[in-house]
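Work through the exercises below with the model open. Try each task before you read its solution.

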Amino acid sequence: MPIKYDDEKCYQFHTKDVPDRCFVCSDNSTRLLIVRQIESMMLVHLCPDCMVNDTSGYLLDNTRPWLGEKGKI
Ligand SMILES: [Zn+2]
């Protein structure tokens, strides 16, 4: 948690989210997207495949300059 924001509560990750794995398929993808799960309105990591498979369930969250965990994005 390097930086604190006033709107921190809007940017909480899902309690079951793991930073280096896809939230849906648990794939350890080299490129994970940070998206908002509409059902819970919390942030999760998704691999591109799962994002494409369920575009209605997740929103790309581009409101912040997210830094990739692995720096490969
Ligand atoms: Zn996936």
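**Exercise 1.** How many helices and strands does the secondary structure of the protein chain come to?

*Solution.* The model is predicted: local features need pLDDT of at least 70, side-chain atom pairs count only at pLDDT 80 or more, and totals for chains, interfaces and linings use all residues. Residues are numbered from 1 along each chain as its sequence is written. Step one: find the elements. Helices (H or I, at least four residues) and strands (E, at least two) are DSSP runs, numbered from the N terminus. Step two: count them. The protein chain has one helix and three strands. Step three: put them in order. From the N terminus on, they run β-β-α-β.

**Exercise 2.** Is valine 35 buried or exposed? Find its contacts too.

*Solution.* Start with the location: valine 35 is in strand E1. Next, apply the cut-offs. A residue is buried if 20 or more other C-beta atoms lie within 10 Å of its own, exposed if 12 or fewer, and partly exposed in between; C-beta atoms are placed from the backbone. Valine 35 counts as buried because it has 21 C-beta neighbours inside 10 Å. Of the 73 residues of the protein chain, 16% count as buried.

Now the contacts. Two residues are in contact if their C-beta atoms, placed from the backbone, lie within 7 Å. Leaving aside neighbours within four places in sequence, valine 35 is in contact with Val44, Leu46, Met51, Tyr58, Leu59, Leu60 and Asp61. Take Met51: its C-alpha atom is separated by 8.5 Å from that of valine 35, and the two are 16 residues apart along the chain.

**Exercise 3.** Which residues make up the largest nonpolar core?

*Solution.* First, the rule. A nonpolar core is a set of buried Ala, Val, Leu, Ile, Met, Phe, Trp, Tyr and Cys residues joined through C-beta atoms within 7 Å. The largest one has 11 residues in all: Cys22, Phe23, Leu32, Ile34, Val35, Leu43, Val44, Leu46, Cys47, Cys50 and Tyr58. E1 and E2 each supply at least two residues of this core. The largest share, three residues, comes from E2.

**Exercise 4.** Where is methionine 41 found? Check its phi and that of serine 26.

*Solution.* Methionine 41 is found in the loop between E1 and strand E2 (42–46). Its phi is near 55°, a positive value in a residue other than glycine. Methionine 41 is exposed, with 11 other C-beta atoms within 10 Å. Serine 26 lies in the segment before strand E1 (33–37). Serine 26 has a positive phi of about 65°, although it is not a glycine. With 10 C-beta neighbours inside 10 Å, serine 26 counts as exposed. For background: most residues other than glycine have a negative phi.
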